[in-house]
Number of protein chains: 2
Amino acid sequence: MKRNTWQREAVRDALDGTEGFISAQALHSALHASGSPIGLATVYRALGDLAASGDADCLQSPEGEAIYRACSTGHHHHLICRNCGLTVEIAADEVETWAQRVAAEQGFTAPAHVVDVFGLCAECSRQAAEGAPA
Amino acid sequence: MKRNTWQREAVRDALDGTEGFISAQALHSALHASGSPIGLATVYRALGDLAASGDADCLQSPEGEAIYRACSTGHHHHLICRNCGLTVEIAADEVETWAQRVAAEQGFTAPAHVVDVFGLCAECSRQAAEGAPA
DNA sequence: CATGGTTTTGACAATCATTATCAATAACGC
DNA sequence: GCGTTATTGATAATGATTGTCAAAACCATG
């Protein structure tokens, strides 16, 4: 049987209250910072459960960490600066449509998708342009 | 100065001769299997260099490993069955264009993107339809 | 409310990929 | 061939994630 513990709720709430993606470690830190004595392993387990039950999406950050996002809270994507971490929310109607179409074409159902764009934000691009050339 | 070593060539060749994506570990194993005494750290370094110089693309596998691909072999995305793991390669010209456009609109440069569609493949959809209902 | 059967938790060890270290080696210009 | 210096590779270190297992919490029941 699946039991309801405050820990699981805490993780779910924390994830719901988070804008974009967050790593398990970061979520654990955030919970600790807000006074929760929740264990790290438990956060991993709770996130895994949420992902398995479809309440959260999981993908790999460019740094190799698993990052999670609440699945129900409105759907949008992110444009993330790989240097400073700046995150811009982007609507992606075209991509929604596209994703459903390609899924359907292959006979796939229950399509979900992970679409995120990484790049260098204007600021970091400028800095890179200044520093990089010989 | 950048020196030319047989190790680097071996990694480049091995990557060129590989169909899709391959992890650093797997590439190292493959090289060893074909008699190369190349070291693991060197494979990581060579792959990192290739990625840095744009000769290879790098992304994170769902299992959390970094996987690499020779850059010339066309860019595509994946449609992944969340139940059986079946993976279908999908072309996504629209999405490529879209990603670059939204990145540019926000002043972002060097856009890369993570686009993967998860769903239930035809087979698993059918099984789910049979098994799930009470 | 106390009890019991299970699930869940959490501290810690174990694992796995990746990166850093650093002496020895090999490549390249001369 | 020589010397300089980037590169290699064995190993240790790091960091995220998962496994372990006794103790605690949850929930239905008496």
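This passage describes the contacts of DNA strand D with the protein and the salt bridges of a predicted model.

Residues are numbered from 1 along each chain as written, with chains lettered from A and ligands numbered from 1 in the order of writing. In this predicted model, local features need pLDDT of at least 70 and side-chain atom pairs pLDDT 80 or more, while totals for chains, interfaces and linings use all residues; side-chain values use heavy atoms, without hydrogens and water.

Around DNA strand D stand 21 residues, a residue being near the strand if one of its heavy atoms lies within 4 Å of it. A:Tyr44, A:Ala66, B:Thr5, B:Arg8 and B:Arg45 come nearest. Of the strand D atoms within 4 Å of the protein, 62% belong to sugar and phosphate. Phosphate oxygens of the strand lie 2.4 Å from a polar side-chain atom of A:Tyr44, 2.7 Å from a side-chain N or O atom of B:Thr5 and 2.7 Å from a polar side-chain atom of B:Arg8.

Over all chains there are nine salt bridges, defined as a side-chain nitrogen of Lys or Arg within 4 Å of a carboxyl oxygen of Asp or Glu. A:Asp49 pairs with A:Arg8 at 2.7 Å between the closest N and O atoms. This pair links helix α3 and helix α1 of chain A across 41 residues. B:Arg12 and B:Asp55 also form a salt bridge, at 3.5 Å from N to O. A third, between B:Arg101 and B:Glu105, has its closest N and O atoms 3.5 Å apart. A:Glu94, B:Arg101 and B:Glu105 are linked in a salt-bridge network.

Technical notes
A polar contact is a pair of N or O atoms within 3.5 Å; within protein, one must be able to donate a hydrogen and the other to accept it, and residues adjacent in sequence count only if both atoms are side-chain atoms. Helices (H or I, at least four residues) and strands (E, at least two) are DSSP runs, numbered from the N terminus.
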